[in-house]
Amino acid sequence: MRVIAFHNLKGGVGKTAAAVNTAYLASQAGISTLLWDLDPQGAASWLLSDDEEPDARKLGQLVKGKSPIGSFIRSTPFPKLDLIPAHHSFRNIDIKLDDADNDRMLKQWLKPLSEETSLVVLDCPPSLSRLAEQILRTADGIFVPLIPTWLSLNSWEQLTAFAKDRKIKTNRLHPFFSMVDRRKALHRDLVANKDLHLPEGMHTTIPNASAIERMGEERLPVEQVSRRSAAAGAYRDLWSEIQGMIWR
Ligand SMILES: Nc1ncnc2c1ncn2[C@@H]1O[C@H](COP(=O)(O)OP(=O)(O)OP(=O)(O)O)[C@@H](O)[C@H]1O
Ligand SMILES: [Mg+2]
């Protein structure tokens with residue numbers, strides 16, 4: 001089982017879009033995939049599930065080891081793609097992780113999944129928290145969408161500094177340009193000069209595209225919204241680049 005995460009301390013950069021599209025492409029390739037929506041805003045859950053039922057089970061039981069992770073799993077309309085939906089109690093996850101004072105808790109929660117799941121995709125909330133620290137320790141690859149602006153490059157520096165400060169190796173952190181708007185000179189310049197400004201950056205860039213916005217209207221992965229769009233092609237490229245990195 002491999003674990004990948006889409007993370008950035010900045011909000012609204014395309015983490016959820018990348019998590020949903022990547023998880024969908026993996027499942028379509030026949031890989032048993034579980035998307036865990038760790039963000040209490042629940043955007044990924046909303047995109048992939050009609051299940052409006054409130055989940056009575058509480059995170060507290062998971063933390064105490066009284067509720068197995070499997071009991072949180074829901075199916076989606078897509079074969080081979082399951083979901084752990086966001087839960088309001090996840091708002092308090094950092095307090096719980098602090099109380100438990102266990103650096104490896106996320107890793108322990110994920111362990112029992114390995115029998116039935118080949119890939120776990122974590123959709124992370126925008127923060128540098130205790131949870132973020134555990135994600136950086138646990139995932140085989142942490143993929144970081146960055147809008148091509150100076151401020152975003154600065155947030156990438158902050159993320160790597162956060163990791164180094166906690167003695168986490170940064171070689172599993174992979175940034176990529178997201179929401180690239182070719183009409184903007186700065187976007188064009190930063191992408192064209194990626195080797196200078198973001199030498200660790202991935203090859204794939206995700207364009208700013210209306211097809212991705214439509215995912216919210218249609219509650220579907222972009223592959224189903226508009227398979228022939230450049231945006232859908234970009235996520236296929238991203239998924240293929242990710243595969244090469246995590247199954248080396
Ligand atoms: N490449 C793109 N082109 C156009 N719109 C996009 C693109 N990627 C994401 N969006 C839109 O931008 C908004 C934010 O995207 P998304 O939810 O994926 O970001 P996020 O980083 O997960 O945000 P948050 O930090 O709030 O969880 C959404 O409305 C989404 O539809
Ligand atoms: Mg999100």
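**Close-up views of a predicted model**

**View 1. The largest nonpolar core of the predicted model comprises 43 residues.** Within this core, the residues with the most contacts are Trp36, Trp109, Leu122, Ile135, Leu136 and Phe177. Helix 7 (residues 150-165) supplies the largest share of the core, namely five residues. Apart from this core lies another, of 38 residues, which includes Ala17, Leu48, Phe78 and Val222. In soluble globular proteins, nonpolar side chains tend to be buried together.

**View 2. Leu136 is shown with its contacts beyond four places in sequence.** These partners are Ile142, Leu159, Phe162, Ala163, Ile168, Arg172 and Leu173. Leu136 is also one of the residues with the most contacts inside the largest nonpolar core.

**View 3. Seven strands are arranged in an open sheet of mixed pairing.** The strand order is 3-4-2-5-1-6-7. Strand 3 (74-75) and strand 7 (173-177) form the edges, each pairing on one side only. Strands of a sheet pair through backbone hydrogen bonds, either parallel or antiparallel.

**View 4. Strand 1 and strand 5 run in the parallel sense as a pair.** Five bridges connect strand 1 (residues 2-6) with strand 5 (residues 119-123). Val3 stands opposite Val120, a residue of strand 5. Leu122, which is among the residues with the most contacts in the largest nonpolar core, also falls within the range of strand 5 (residues 119-123).

**View 5. Ligand 1 is surrounded by 17 residues.** Those that come nearest are Lys15, Thr16, Ala17, Pro207 and Ala209. Polar backbone atoms of two residues lie by oxygen atoms of the ligand: that of Gly14 at 3.0 Å from an oxygen atom, and that of Ala17 at 2.9 Å from an oxygen atom. A nitrogen atom of ligand 1 is placed 2.9 Å from a polar backbone atom of Ala209. On its own, ligand 1 has 630 Å² of accessible area, of which the protein covers 78%. Ala17 belongs as well to the core of 38 residues.

**View 6. Ser229 occupies the loop between helix 11 (222-225) and helix 12 (230-246).** Ser229 counts as buried because its relative accessibility is 16%, below the 20% limit. Its side chain reaches the backbone oxygen of Ser226 at 2.7 Å, and a polar atom of the Ser229 side chain lies 3.2 Å from the backbone nitrogen of Ala232. Leaving aside residues up to four places away in sequence, Ser229 touches Ala211 and Val222. Val222 is itself listed in the core of 38 residues. The C-alpha atoms of Ser229 and Leu190 are 23 Å apart, with these positions 39 residues apart along the chain.

Notes
Residues are numbered from 1 along each chain as its sequence is written. Chains are lettered from A and ligands numbered from 1 in the order in which they are written. This is a predicted model: local features need pLDDT of at least 70, side-chain atom pairs count only at pLDDT 80 or more; totals for chains, interfaces and linings use all residues. Side-chain values use heavy atoms; hydrogens and water are left out. A nonpolar core is a set of buried Ala, Val, Leu, Ile, Met, Phe, Trp, Tyr and Cys residues joined through side-chain atoms within 4.5 Å. Buried means under 20% relative accessible area, exposed over 50%, partly exposed in between (1.4 Å probe, protein chains only). Helices (H or I, at least four residues) and strands (E, at least two) are DSSP runs, numbered from the N terminus. Contact means heavy atoms within 4.5 Å. Two strands pair if DSSP finds at least two bridges between them. A residue is near a molecule or strand if one of its heavy atoms lies within 4 Å of it. A polar contact is a pair of N or O atoms within 3.5 Å; within protein, one must be able to donate a hydrogen and the other to accept it, and residues adjacent in sequence count only if both atoms are side-chain atoms. Accessible areas come from the Shrake-Rupley method with a 1.4 Å probe; for residues, only the protein chains shown count as cover.
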